[in-house]
Amino acid sequence: MSEILWRRALELFAGGVNSPVRAAVKPYPFYVEKGEGAFLYTVDGQRLVDYVLGYGPLILGHANPYVKEKIKEQIDKGWLYGTPSKKEIELAEKIRSHIPSAEKVRFVNSGTEATMLAIRLARGYTKREKILKFDGNYHGAHDYALVSAGSAASEYNVLISGGIPTSILNTVVLCKYNDLECVEKTLKTEQIAGVIVEPVMGNMGVILPDKDFLNGLRELTKAYNSLLIFDEVITGFRLGLSGAQGYFNVIPDLTTLGKIIGGGLPIGAVAGKKEIIDNLTPSGKVFNAGTFNANPLSMTAGVATIEVLETTNAYDIANKAAKEISDELNALFSRKNLEFTINRIQSMFQFFIGVKKVTNADDARLANRELYIKIHEKLLKLGVFIPPSQFETIFTSSAHTDEVINITIEAFRKVVNEI
Ligand code: PMP
């Protein structure tokens with residue numbers, strides 16, 4: 001059945017898909033009939049344990065009953081008003097109560113829109129044009145950030161996207177992740193509006209910040225009057241309610257959010273200091289607008305998701321699953337005498353075979369990607385779905401119970417023994 005749908009898709013979509021990483025599942029992507037808890041059910045009748053989880057948003061697993069109920073209630077009241085609703089106030093207040101840097105918020109519809117707007121805001125606020133970004137960090141699919149981006153841009157080797165004016169490419173300065181010397185040199189010699197960073201990289205596999213990296217960025221950006229932008233589209237509400245900034249206790253000027261704050265529906269947000277956010281239209285002159293901004297369905301799913309995160313042990317379950325599976329992998333790879341490293345934080349991890357450490361994108365590029373794909377493919381046959389690219393994150397959710405962990409570990413044991 002998936003094969004037949006795929007043939008139709010190839011006639012309709014470039015490369016058969018609407019977002020490139022989906023085509024990395026070979027020989028063709030499976031089509032999903034239903035998602036429930038930790039599982040995806042394909043149109044071919046297969047049940048898969050899901051470690052992709054919509055590429056991050058589904059920290060409660062698929063179709064969480066509470067979130068589903070709240071979405072249904074909202075659907076009964078209509079789903080687009082073109083005027084404010086109470087739900088946007090509730091979600092913004094939740095974000096402000098948890099995310100330390102968030103004094104004010106602007107809702108948009110994707111992480112891409114959020115980082116695009118945060119960069120425009122940094123430029124408008126500082127009256128400078130250049131942005132510093134890090135090799136392998138992915139900030140979405142817009143012109144300002146598609147230079148040496150991770151995720152599918154690295155998977156498909158599109159380190160500079162076609163179609164972006166040279167004048168825009170020239171406004172982006174690159175440093176390697178964890179390289180504070182490069183950051184200092186750049187801030188000293190160039191007029192940088194903002195430094196945008198994934199506080200934990202989730203788009204070259206998982207890569208953690210060195211002990212002093214985020215603090216160093218905070219001090220340097222302050223010293224050189226440039227804004228620090230944390231792109232917490234993945235880490236926001238995943239590392240905990242206060243995101244990476246709470247986890248590492250480093251407070252940026254601007255924060256971009258997405259994924260989890262929409263509970264699986266489309267969303268993005270820019271949050272930050274009041275005096276910066278107030279530069280947005282209509283109170284300021286940095287333009288942003290959106291037909292679907294703060295749409296009631298996304299707001300509702302986001303509020304409901306955060307309510308569950310606030311009131312249950314969802315984080316404990318998700319974190320435990322990631323720890324137990326990565327510990328088992330550690331043991332399995334060690335027994336095989338493979339050179340490898342596993343990077344994990346809370347409910348996100350990735351393994352890299354053939355390298356001893358991965359602290360920046362260059363290290364990640366040295367990993368044995370063919371072997372990663374082989375493992376992905378063998379796992380899929382055994383009913384376990386990890387991302388089809390080395391340059392993505394394995395996520396766990398509160399639906400990844402002991403039973404689900406055991407199914408997964410069994411599959412990993414078989415696969416690693418065969419390689
Ligand atoms: N920033 C980061 C850190 C991301 O991981 C992503 C998406 N994976 C984005 C921005 C873009 O978000 P979206 O896909 O919702 O546009």
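Start with β4 and strand β10 (residues 268-272) in this predicted model. Select both. They pair in the antiparallel sense, over five bridges. For one rung of the ladder, pick V105: its bridge partner in β10 is A271.

**The seven-stranded sheet**

Now widen the selection to the sheet around that pair. It is an open sheet of seven strands with mixed pairing. Read across it in the order β4-β10-β9-β8-β7-β5-β6. Which strands stand at the edges? They are β4 (104-108) and β6 (172-175). Each has a single partner strand, so one side of each is left without a neighbour in the sheet. Look along the sheet for its twist: neighbouring strands are turned by 20° against each other on average, direction ignored.

**Helices on that sheet**

Add helix α4, residues 111-126. This helix lies across β4, β5 (130-134), β7 (192-197), β8 (227-231), β9 (254-258) and β10. Use β10 as the reference for direction: α4 runs at about 30° to it.

Next, add helix α8, residues 213-223. It also packs on the sheet, where it touches β5, β7 and β8. Its direction makes about 150° with that of β8.

**From α8 to α7**

Keep α8 and select helix α7, residues 180-189. The two axes come within 10 Å and cross at roughly 10°. An angle under 35 degrees counts as roughly parallel, and α7 and α8 are therefore roughly parallel to each other.

Show the side chains where they meet. From α7, display L180, V183, E184 and L187. From α8, display F213, G216, L217, L220 and T221. What classes of residue make up this contact? Six are nonpolar, two are polar and one is charged.

**The three-stranded sheet**

Move on to another open sheet, with three strands in the order β11-β12-β14. Its pairing is antiparallel. The edge strands, β11 (340-345) and β14 (394-395), each pair on one side only.

Zoom in on β11 and strand β12, residues 348-353. Six bridges join this antiparallel pair. Label T341 and follow its bridge to F352 in β12.

Then bring in helix α12, residues 314-335. This helix packs on the sheet and touches β11 and β12. Measured against the direction of β11 in the viewer, look for an angle of about 170°.

**α14 against α15**

Select helix α14 (residues 369-381) and helix α15 (residues 402-418). Their axes are 10 Å apart, and the helices pack at an angle of about 135°. That value falls outside the parallel, antiparallel and perpendicular ranges, and α14 and α15 are therefore oblique to each other. The crossing of α14 past α15 is right-handed.

Which residues make the contact? On α14 they are I375, K378 and L379. On α15 they are A411, F412, V415 and E418. By class, five are nonpolar, none is polar and two are charged.

**Zoom out**

Finish with the whole protein chain. How many helices and strands does it have? Its secondary structure comes to 15 helices and 14 strands. The radius of gyration is 21 Å, close to the 22 Å that the globule rule gives for 419 residues, so the chain is as compact as a globular protein of that length. Along the principal axes, the C-alpha atoms fill a box of roughly 55 × 55 × 45 Å.

Terms used. Residues are numbered from 1 along each chain as its sequence is written. This is a predicted model: local features need pLDDT of at least 70, side-chain atom pairs count only at pLDDT 80 or more; totals for chains, interfaces and linings use all residues. Side-chain values use heavy atoms; hydrogens and water are left out. Two strands pair if DSSP finds at least two bridges between them. Helices (H or I, at least four residues) and strands (E, at least two) are DSSP runs, numbered from the N terminus. Axes are lines fitted to C-alpha atoms, for helices over the stretch in contact, and angles run from 0 to 180 degrees between N-to-C directions. Contact means heavy atoms within 4.5 Å. Angles under 35 degrees count as roughly parallel, over 145 as roughly antiparallel, 65 to 115 as roughly perpendicular and the rest as oblique. A crossing is left-handed if the near helix is turned anticlockwise from the far one by less than a right angle, and right-handed if clockwise. Ala, Val, Leu, Ile, Met, Phe, Trp, Tyr, Cys and Pro count as nonpolar, Asp, Glu, Lys and Arg as charged, and the others, Gly among them, as polar. The radius of gyration is taken over C-alpha atoms; the globule rule is 2.2 Å times the number of residues to the power 0.38.
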